[in-house]
Amino acid sequence: MKRLISGLLFTGLASSSFAQNNIAPPVSDVVRNCSYSGCQLTCTNPQGVITVKEATSSSIRTIMLSNGTTEFRLNDGYNGVRTIFVAKEYLICSITGEK
């Protein structure tokens with residue numbers, strides 16, 4: 001029993017260490033506050049087709065990661081935060097409705 005618990009503890013610590021070492025650190029982190037009418041995130045693919053169109057009421061936090069991925073955190077106040085990940089090769093995104 002003692003051996004099983006120590007094995008599980010080692011596995012948990014090793015997994016945690018592996019995950020921490022493989023997270024891409026942020027290159028930039030910017031919060032854009034929305035105007036009274038809210039903000040909108042719109043992303044298009046290379047063919048110009050809109051693939052993401054999300055509205056939020058409070059703010060959009062844009063975190064660019066060192067691996068080229070962009071993380072958008074849409075804050076809807078009391079309704080919570082939604083997160084969208086976008087790979088730079090696939091979508092071009094814009095934000096409208098900023099203060």
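**Sheet, salt bridges and largest pocket**

In this predicted model, three strands form an open sheet in the order β3-β2-β7, with antiparallel pairing. Strands β3 and β7 stand at the edges of the sheet, each with a single partner strand, so one side of each has no neighbour in the sheet. The strands that neighbour each other in this sheet are turned by 15° against each other on average, when direction is ignored.

The pairing of β2 with β3 can be followed residue by residue. Strand β2 covers residues 39–44 and strand β3 covers residues 50–56, and the two are joined in the antiparallel sense over 6 bridges. Within this pairing, T44 has I50 of β3 as its bridge partner, and T42 has K53 of β3 as its bridge partner. Strands β2 and β3 form a hairpin, with 5 residues between them. In the turn of this hairpin, G48 has a positive phi of about 85°. In a regular strand, side chains alternate between the two faces of the sheet.

The structure contains 5 salt bridges. One of them joins the side chains of R32 and E98, with a distance of 3.7 Å from N to O. This pair links distant parts of the chain: R32 is in strand β1 (residues 26–33), E98 is in the segment after β7 (92–96), and the two are 66 residues apart. R32 has a relative accessibility of 27% and therefore counts as partly exposed. E98 also counts as partly exposed, because its relative accessibility is 40%.

A salt bridge is also present between the side chains of R82 and E54, at 2.4 Å from N to O. R82 belongs to strand β6 (residues 81–87) and E54 to strand β3, so this pair ties together parts that are 28 residues apart in sequence. Relative accessibility is 29% for R82, which therefore counts as partly exposed. For E54 the value is 28%, so E54 counts as partly exposed as well. These two residues do not stand alone, since E54, D76 and R82 are linked in a network of salt bridges.

The side chains of E71 and R73 meet in a further salt bridge, at 2.5 Å from N to O. Here the two partners fall into separate accessibility classes. E71 has a relative accessibility of 9% and so counts as buried, the cut-off for this class being under 20%. R73, at 29%, counts as partly exposed.

The largest pocket holds about 160 Å³ of space. Its lining is made up of R32, T62, M64, T70, F72, V86, A87, K88, L91, C93, S94 and I95. The elements that contribute two or more residues to this lining are β4 (59–65), β5 (69–75), β6 and β7. Strand β7 provides the largest share, with 3 residues. Sorted by class, the lining has 7 nonpolar, 3 polar and 2 charged residues.

Some elements appear in more than one of these descriptions. Strand β7 stands at an edge of the sheet and gives the largest share of the lining of the largest pocket. R32 forms a salt bridge with E98 and is also one of the residues that line the largest pocket. Strand β3 pairs with β2 and holds E54, whose side chain meets that of R82 in a salt bridge.

Key
Residues numbered from 1 in each chain as written. Predicted model: local features only at pLDDT ≥ 70, side-chain atom pairs only at ≥ 80, totals over all residues. Heavy atoms only, no water. Pairing = 2+ DSSP bridges. Helix = DSSP H or I, 4+ residues; strand = E, 2+ residues; numbered from the N terminus. Salt bridge = Lys/Arg side-chain N within 4 Å of Asp/Glu carboxyl O. Buried < 20%, exposed > 50% of the residue type's maximum accessible area, 1.4 Å probe, protein only. 1 Å grid on protein atoms, 1.4 Å probe; cavity = no way out; pocket = protein on both sides within 12 Å on 5 of 7 lines; lining within 4 Å. Points joined across faces, edges and corners; volume = space filled by probe spheres on them. Nonpolar A, V, L, I, M, F, W, Y, C, P; charged D, E, K, R; others polar. Axes fitted to C-alpha atoms, helices over the stretch in contact; angles between N-to-C directions.
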